[in-house]
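Me: I should like a close look at one part of this molecule, the strand pairings and sheets, together with the helices and individual residues set around them. Please give a single connected account.

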Amino acid sequence: MDMSEVMTTTSSPDRAESCDALIIGAGFSGMYQLHALRDRLGLKALVLEAGEGVGGTWYWNRYPGARCDSESHSYCYGFSKELLEEWEWSERYPGQPEIMRYLNHVADRFGLKRDIRFNTRVTAAHYDASANRWQVTTEAGQRYSAQYLITAVGCLSTANVPKIPGLEEFAGDWYHTGQWPHEGVDFSGKRVGQIGTGSTGIQAAPVIAAAAGHLTVFQRTANYSVPARNVPLTDEFKQYVKRSHPEIRQVMHGTPNGHPFVIAERKAFDVTAEERQALYEAAWEKGGLQFRATFQDLLADKAANDTAAEFLRNKIRQIVRDPKTAAILSDIDHPYAAKRPPIDTDYFETYNRDNVALVDLRAEPIERITPGGIRTTKGEYPLDIIVFATGFDAMTGPLLRIDIRGRDGQRLADAWEAGPRNYLGLQVAGFPNLFTITGPGSPSVLCNMPVCIEQHVEWITDCIAHMRDQGMARIEAKPEAMEGWVQEVNRAADATLLPQAKHSWYLGANVPGKPRVFMPYAGGMAHYRKICDAVAAKGYEGFVLSD
Ligand code: N01
C-alpha cells in the first residue's frame, strides 16, 4: 500500500483516525520517533500524549530541586548538527525548567506539535490480525488505528504512592514528586514530611528544607550520594562543547553508560590504599555520576566496591554533625551504585539545619497516616504537607497500565505475569509491529537516556524503512529469540553487583507484589548497540517478517 494514500479522518467514538504509525508519549523518545518516521520516511505518524505539553518525565516531575543528573551537554539530542550548534545550556546539570525550554524548542523547530494529540491518554491497544492494525482507544473514548504502534511511555512515569493506611483521612495536602502541581507548592511556615530518599528525595529535601518551617525526612533505606557540584557553564566550556560535538558523542557512544566520560581502566586494587583515597577524593571534588568511573571494577567486584562504599560512608559521618543522624544516614546495606546512585546539592548538609529531622523507618516503621500527620511505631509526627518521593512502578508499569493485547487477544499483562520478556527490549513475541522504546530488556535506565532513546528510535526507523523496501507488512519477534534474550538479560545482570540491592526498583522490589526480575539490560550500551546492529545486518535475525 502507498502510505501517502492513507486517509486521515478525525477520531470520534465511532470513527477511528487512521495513520501508519501511532506513538504513545511525547517525551524525548516520542518526539524524535515522530520526527524520524514522519520527516525521514514520509509516514503518516501521530503521537498521543496524556499531558498538555511535550516533555514526558520533565513535564510531570516539577518537584523542588528537579534537575538532571546527566551533564547538560550530553543530555540532548545528537541527531541534528544544527540543533546541537544552536542550543546552549546554562548550567553543568540542566534544571527541569531549562529542559522543558529545550524540548519545546525542539518541538517547535521540527514542527512536531501539529502531529501530537495532547490531553489524550491511551487506555487500550488491541492488535487486529486480519487487518494487521493496532486499534487504540483513549480515556475519552477516541479511537485510532495504525499499522505500527510504538510505545514511548518512559521508564519512570507511573507514580508509586504507597498504600499507607489513613492517607485519605490526612487533613493537610499531599503530593507525589512525579505528579507535581504546575503552580508549585508553598511550603512557607509549613511542617513537611518527606517519605523517600532516592535520587528524587535527595534532590528535593535541601530545597524543601530551605523553604519550609520544618522538614522531617522519613528514610526506609539509607543511600549513598555524591555532590553534583552544579555550576553555571563558563563561556570557555560552551565554546569547547560547540567545537567538540563529534568527539564528545564518540566518547558517549563508546562507553557502557552513554555519559561523556571514560571509565578508568585500572581496578581498585591496582593502586595502594593511599592512592585509592586520593583518587576518590579527586572524584568527590569533581562531583557527579563520574565518581562511579574511578575504577572499572566497582560494579563487578564486591571488595572493590567496598572501598568506594566506605569512602562515601565516611563522608556522611564527616558532614553530618549529629552522630546519631549520621549513623542512620550512613547505615547503608547495599553496594555503592547497585541502586541508581543519586547526586546532590547539599543533601547531607541539610541535616545540619535546625529545622530538619530524620526518622529511621527501619527502627520505627510507619503504622498509619493520621488526620494530623504520620504515626510510626514510636510516635506521631505532626505535619501540614506530605511529599511522597517514593518512586515509580518502573519500566513495566507504564506499559501494563495500558490494556495491550496482541495476537489472539493475548494480554501483555499475562505474557509478563512473571516479569517482562522480550527480544532486545524492542519487541514481544505475539505482539506484531509493536515496538517498545527503552522498555525492559534494554539498557535504558542504566544509561544516559537520550543516547539509548536515539539508538532505539533509529533502529526502529531503519527497521520500518527496511520492511517498506522489502514489501513486508509485519514484523514479530520469534519466541526462541525472546527466550535467548531473557537469558542474556539475566546473564548480564548476574555478572554485576546490581542484583545484590534487594530493594531496588531495577528488580521491581519497590512495588509490593511486583515480580522480582532484573529489568534493564546491564551489558552496556555500546555492546547492546553492536548486538542490535548485527541483528539488523543479518536481515533482522530472530524476527519473522511477512507481507
Ligand atoms: O525513586 P526511588 P526516585 N515507605 O524508587 C522509598 C530517576 N531520577 O523517584 O529504598 C517508605 O529511587 C524508597 O525506599 P526503599 C533515577 O533513575 C532521575 O527517587 O524502597 N519509603 C526510596 O528511598 C532514579 O533512580 C533523576 O526502601 C518508601 C524512595 O522512596 C529514579 O528516577 C532525578 C516507600 C524511592 O526511591 C527513581 O528515583 C531523579 C514506603 N512505602 C530521579 N516506598 C535525574 O536526574 C518507597 N519508599 C535524571
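Reply: The account below begins with the sheets and then turns to the helices and single residues.

The model is a predicted one. The main sheet of this account is open and contains five strands, in the order β7-β16-β8-β9-β12, with parallel pairing. Its edges are formed by β7 (173–176) and β12 (356–360), each of which pairs on one side only. From one strand to the next the twist averages 20°. At the β12 edge, strand β9 (residues 214–219) is joined to β12 by five bridges, and the two run parallel. Within this pairing, F218 has V359 of β12 as its bridge partner.

Two helices can be placed against these strands. Helix α5 (residues 199–211) lies across β8 (191–195), β9, β12 and β16 (385–388), and its direction is at about 175° to that of β8. Helix α10 (residues 323–330) also packs on the sheet, where it touches β9 and β12. The direction of α10 makes about 50° with that of β12. Strands β9 and β12 are thus named in the packing of α5 and in that of α10.

A second open sheet has three strands in the order β13-β14-β15, and here the pairing is antiparallel. The edge strands are β13 (366–370) and β15 (380–382), each pairing on one side only. The twist in this sheet averages 20° from one strand to the next. Four bridges connect β13 with strand β14 (residues 373–376), and these two run antiparallel. T370 stands opposite G373 of β14.

Strand β4 (residues 122–128) has pairings of both senses. With strand β5 (residues 133–138), β4 runs antiparallel and is joined by six bridges; with strand β17 (residues 403–405), β4 runs parallel and is joined by three bridges. A124 takes part in each pairing: its bridge partner in β5 is T137, and in β17 it stands opposite D403.

The connection between β4 and β5 is a hairpin with four residues between the strands. N132 belongs to this loop, and its phi is positive, about 50°, although N132 is not a glycine. Because its relative accessibility is 9%, N132 counts as buried. A second residue other than glycine with a positive phi is D346, where the value is near 65°. D346 lies in the loop between β11 (343–344) and α11 (347–350). At 44% relative accessibility, D346 counts as partly exposed, whereas N132 counts as buried.

Strand β19 (residues 474–477) shows how side chains are distributed about a strand. In a regular strand the side chains alternate between the two faces of the sheet. In β19, R474 and E476 point one way, while I475 and A477 point the other way. All of these residues are buried, the charged R474 and E476 included. β19 pairs with strand β20 (residues 543–546) in the antiparallel sense over four bridges, and A477 stands opposite F543 of β20.

Among the helices, the packing of α1 against α14 can be described in detail. Two packed helices are described by the angle between their axes and the distance between the axes. The axes of helix α1 (residues 28–40) and helix α14 (residues 449–470) come within 9 Å and cross at roughly 30°. With an angle under 35 degrees counting as roughly parallel, α1 is therefore roughly parallel to α14. The crossing of α1 past α14 is right-handed. From α1, the residues F28, S29, Y32, Q33, A36, L37 and R40 take part in the contact, meeting P450, I453, E454, V457, E458, I460, T461 and I464 of α14. By character, the residues of this contact divide into nine nonpolar, three polar and three charged.

One further residue, M252, has contacts that include a residue of α14. M252 is found in helix α7 (residues 245–254), and it counts as buried because its relative accessibility is 1%. Leaving aside residues up to four places away in sequence, M252 touches S74, G258, H259, P260, N448 and V451. The C-alpha atom of M252 is separated by 17 Å from that of F28, the two residues being 224 apart along the chain. F28 is itself one of the α1 residues in the contact with α14.

Key:
Residues numbered from 1 in each chain as written. Predicted model: local features only at pLDDT ≥ 70, side-chain atom pairs only at ≥ 80, totals over all residues. Heavy atoms only, no water. Buried < 20%, exposed > 50% of the residue type's maximum accessible area, 1.4 Å probe, protein only. Contact = heavy atoms within 4.5 Å. Pairing = 2+ DSSP bridges. Axes fitted to C-alpha atoms, helices over the stretch in contact; angles between N-to-C directions. Parallel < 35°, antiparallel > 145°, perpendicular 65-115°, else oblique. Left-handed = near helix turned anticlockwise from the far one by under 90°.
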